[in-house]
Amino acid sequence: MTETPGRDPDVLTTAELAAKLGLSAQTVRRMANAGQIPALKTGKDFRYSWEAVREVLRQPHHDPGDTAHDPADPPTKKGAGYRAQRRARTGAHQPQTD
């Protein structure tokens, strides 16, 4: 990624965040629209704070409608953002290529 002078490197576009998380831009937008990741709406698109997104994805997922499982037992359901959550917890992301 090439940095624009004067631009905060923590603030990412949808495409940049998708590349870091190894997800499609569409999945990232869906997660933002659903409130699963923090985002700031800018016109038709979003901007994301890398640190804020990593913090959210590091948190254990709790499905508000699922009261049947023990809170100490992580859910086995794998949906949108599962890979991103796993990568954020381990601190791994795809290496950048120049």
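Here are three short exercises on a predicted model, each with a worked solution.

Residues are numbered from 1 along each chain as its sequence is written. In this predicted model, local features need pLDDT of at least 70, side-chain atom pairs count only at pLDDT 80 or more, and totals for chains, interfaces and linings use all residues, while side-chain values use heavy atoms and leave out hydrogens and water.

**Exercise 1.** Find how many helices and strands the protein has, and give their order.

*Solution.* Start with the terms: helices (H or I, at least four residues) and strands (E, at least two) are DSSP runs, numbered from the N terminus. Next, count them: there are four helices and three strands. Finally, read from the N terminus, and you get β-α-α-β-β-α-α.

**Exercise 2.** Work out which strands pair with strand 3, and in what sense.

*Solution.* Two strands pair if DSSP finds at least two bridges between them. Take strand 1 (residues 11-13): three bridges join it to strand 3, and the two run antiparallel. Here Thr13 has Arg47 as its bridge partner. Now take strand 2 (residues 40-42), which is also antiparallel to strand 3, with three bridges. Lys41 is partnered with Phe46. Strands 2 and 3 form a hairpin with two residues between them, and Gly43 in the turn has a positive phi of about 70 degrees.

**Exercise 3.** Sort the side chains of strand 3 (residues 45-49) by face.

*Solution.* Recall the general pattern: in a regular strand, side chains alternate between the two faces of the sheet. On one face, Phe46 and Tyr48 are buried (under 20% relative accessible area, 1.4 Å probe, protein chains only). Asp45, Arg47 and Ser49 point to the other face and are not buried.

How values were computed
Buried means under 20% relative accessible area, exposed over 50%, partly exposed in between (1.4 Å probe, protein chains only).
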